[in-house]
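This report is meant for a reader who is meeting the structure for the first time. It takes up the enclosed spaces, the salt bridges, a buried helix and a surface patch in turn.

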Amino acid sequence: MTTASSRVDGGAYDGLRVLDRSTRLAGAYCAKLLTDLGADVVRVEPASGDPSRADGLDGLFHDYLRTSQRSIVSDADRWERGADIVLRDEPGPSGALVAVTISALGFGGPDDGLNRLHIPEAVLQARSGALMGHGHMGSVPLTVAGEIGEFVAGAFAALAAATVWRRVQRTGVPETIDVSILEAMQLTMLTMPTLFANFPGGAKHAFRFVMIPGNEPCADGNYVGITTNTLAQWRALATAAGRADLLDDESLNTMIGRFMKSDVVLEALHGWTMAHTAAEIEAACEAARVPVAVVGNGKVLLDAEHLRQRSVWVEQPGRAVRRPRAPFRFSAIADRPLEVAAACGAHDHDTPWVRRALDGDDRTIQLPLAGVRVLDFTAFWAGPSATAWLAAMGAEVIKVESVQRPDGMRMAGAMPPGHGPQHELSPVFHAANLDKRGITLDLTRPEGIALAKRLVRECDVVCENFTPRVMDDWGLDYEALRAERPDLVMLRLPAFGLDGPWRDRPGFAQTMEQLTGMAWATGYDGGPPIIAGGVVDPMVGAHAALAVVAAIAHRDHTGVGQLVEVPMVEVALATTAAQVLRYQHTGDVGGRRGTHGVYACEGKEAWIAVDDDNDPLDPSDRAAWCGERTPEIAASELRAAGIAAFVAVPGFATLDDPQLQARRFFEPLEHRFAGPQQFPTWPVRCSGGPGRWWHTPAPLLGEHNHEVLGGLLGLTTAELDALASDQIIGSEPV
């Protein structure tokens, strides 16, 4: 990365005016991210102060979210009339240029009136399908701890606001954005359950999945988190554990196979892990290139040498504690200096903003990122979900794979054999790669590298999410690509960052959940940690897309491109900061959330989630009451009494949710091999469009080689045929 001394002062959104009138965590996190990027954020509080100031941690979490912001309690309407962006709980007339509404269910459907109830995330997880997808079969379904859905919704709110702001600056037309926390959770807290149920070979079964192996006990009392998403990782783990005999059982070659034989797998692995410390198991897995992490909590994270060396922990201004820094690095923009979180109403005497006069009046602009071309080297879920947003908002995205090494998600998420080409039947690959064009290039050979560099010259943005050594070894690092295109924006999305002791470690979403405390807080009372289930991937994708949009905005104003680094681990840490703050304040690392708020009702696998904090009944009395009613009747009666409650539905059933249907959260597309499918969209609705998010299915492997390499680079048919003969390009995996 470029050193701070060579960067310009001020964030990408220095001077952007944001008024935060929202009351949910999602709004607070949205405001924090925009603050991190340089915005002038003014928080509107009640005269008694934001309730989060009395959060049980002496207001530490409040201060973490509200660092470098101003606070007012009066004259909010006048401030709003001069705001560029306002964050609100409900729609309505607004003087701001971009009005962002963040609510539990979103507006415009049959249940939008329920938004006036306080619906906590734990209850929303039931309706999103997440509750029924976590925990052990035969046990109470498990709520994912940490209000992760609120953080994800906040990230999408910031992303939508920043993207739409680019259009508003050009058109001069005010816009509204409607953000649904339910939709954010359905999109991210499960792994495409509606598609897995409806793709060829899929089935509609209520199914709770715990990753095997996962968080395994060690001799020193710690847990080590192990991830085996691929066959190669499983084979490497079994060999490292001294159990190569497990490789003779082909049924263990898949994640679902290991889940179905969890007793066999865990008995074998625990014989190894319980004979060694967590650090020893971590070292052995790292040597075998198996994604691994000692399961983290507030104490473990503060002690992690990698995070210390990368200066991830910074001082909270005015408080004697450390907190995570902003989750992205920009080579051309210095980190924003942190300022003390303001006292309630400290800025009531500041002069409110005056409405900005925009120069733009181009009413022909349809999509905010139209005209931006992206070269996309990303794979699996986090990176592709970031570039999918760019595509949906108008960018031309060219996805690069190779026949030697297709995107790993093509196989890691593939459906059972017998329904078509395996590499074309992964629901997650499809969902994360809609509206993209797909090409293949063998980047291990000079001809492939040469073509990649020619493409870079024609692109505004390059995105990749390999371990850092991969692009470096290919000679496709930022300095090399900037030589081809001086104003290039390059996104690098490493698991642990571009430097530090863990630089070259592989890491997946599960690894981040294990390391950063998400798993530590999730699980049954007295039981081991359980991962959140992949949510970090699309969460990172939203943050990465936001960073790219910010870098594009910076280039719009300065003409300067830059390197953007968004480490997966730092995004996850930004959302689990409360654990680190709690440990420093109390010395307590906390425990598992358990199953409170989830009740069995009349019937088989019939459950509801209830807002226990606003329920006058004791939990034991509520359990008896629920047991006498069907979940539908129980939830309806509770909501009628003003208590938030929803039936816990399996993930695949959300396709029929009337609120999601009314808001057109799923959109139809037909694919050559997958057939007609309903694809999830985004958890936002923008008044200026798009009216429809998706237009083309995910590309077949190498589907657009001729269109891109011939049309954009001008290669002849003979040249393309020669490249195919040499397997520099192609359309079938080798």
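## The largest cavity

The residues that line the largest cavity divide into 11 nonpolar and 2 polar, with no charged residue among them. The model in which this cavity is found is a predicted one, and the volume of the largest cavity comes to about 100 Å³. Of its 13 lining residues, the closest to the centre are Leu 187, Met 192, Ser 385, Ala 431 and Trp 682. The elements that contribute two or more residues to this lining are helix 14 (382-392) and helix 16 (427-432).

## The second largest cavity

How many cavities of 30 Å³ or more are counted? The count comes to 3, and the second largest has a volume of about 60 Å³. Its lining is made up of Arg 43, Glu 45, Asp 50, Arg 53, His 62, Arg 66, Gln 69, Arg 70, Ser 71 and Ala 342. Helix 2 (60-66) and strand 3 (70-72) are the elements that give two or more residues to this lining.

By class, the lining of the second largest cavity holds 6 charged, 3 polar and 1 nonpolar residues, whereas the lining of the largest cavity has 11 nonpolar residues and no charged ones.

## Salt bridges with buried partners

The structure holds 57 salt bridges. One of them brings together the side chains of Asp 20 and Arg 43, with a distance of 4.0 Å from N to O. This pair links distant parts of the chain, since Asp 20 belongs to strand 1 (residues 17-20) and Arg 43 to strand 2 (residues 40-44), 23 residues apart. Asp 20 is buried, with a relative accessible area of 0%, and Arg 43, which is also among the residues lining the second largest cavity, counts as buried at 7% relative accessibility.

Another salt bridge joins Asp 63 and Arg 319, whose closest N and O atoms are 2.5 Å apart. Because Asp 63 lies in helix 2 and Arg 319 in the loop between strand 10 (313-315) and strand 11 (322-324), the pair ties together parts that are 256 residues apart in sequence. Asp 63 is buried, with a relative accessible area of 13%.

## A partly exposed pair and a network

Glu 484 and Arg 457 also form a salt bridge, and here the closest N and O atoms are 2.7 Å apart. The two residues come from distant parts of the chain, Glu 484 from helix 19 (residues 478-484) and Arg 457 from helix 17 (residues 446-457), with their positions 27 residues apart in the numbering. Glu 484 counts as partly exposed at 23% relative accessibility, and Arg 457 likewise counts as partly exposed, at 42%.

Elsewhere, salt bridges that share partners join Arg 310, Arg 325, Arg 329, Asp 335, Asp 499, Glu 565 and Glu 570 into one network.

## A buried helix and a surface patch

Glu 570, a member of that network, is one of the buried residues of helix 23. In this helix (residues 568-575), 8 of the 8 residues are buried, so helix 23 is largely enclosed by the rest of the structure.

On the surface, Met 137, Phe 207, Ile 256 and Met 260 form a nonpolar patch, and together they have about 400 Å² of accessible area. Met 260 is found in helix 9 (residues 255-260), and this residue counts as exposed because its relative accessibility is 58%, where exposed means over 50%.

Note on methods
Residues numbered from 1 in each chain as written. Predicted model: local features only at pLDDT ≥ 70, side-chain atom pairs only at ≥ 80, totals over all residues. Heavy atoms only, no water. Patch = residues over 30% accessible without salt bridge, like charges linked within 9 Å, V, L, I, M, F, W, Y side chains within 5 Å. Areas by Shrake-Rupley, 256 points an atom, 1.4 Å probe, with all protein chains shown as cover. Helix = DSSP H or I, 4+ residues; strand = E, 2+ residues; numbered from the N terminus. Buried < 20%, exposed > 50% of the residue type's maximum accessible area, 1.4 Å probe, protein only. 1 Å grid on protein atoms, 1.4 Å probe; cavity = no way out; pocket = protein on both sides within 12 Å on 5 of 7 lines; lining within 4 Å. Points joined across faces, edges and corners; volume = space filled by probe spheres on them. Nonpolar A, V, L, I, M, F, W, Y, C, P; charged D, E, K, R; others polar.
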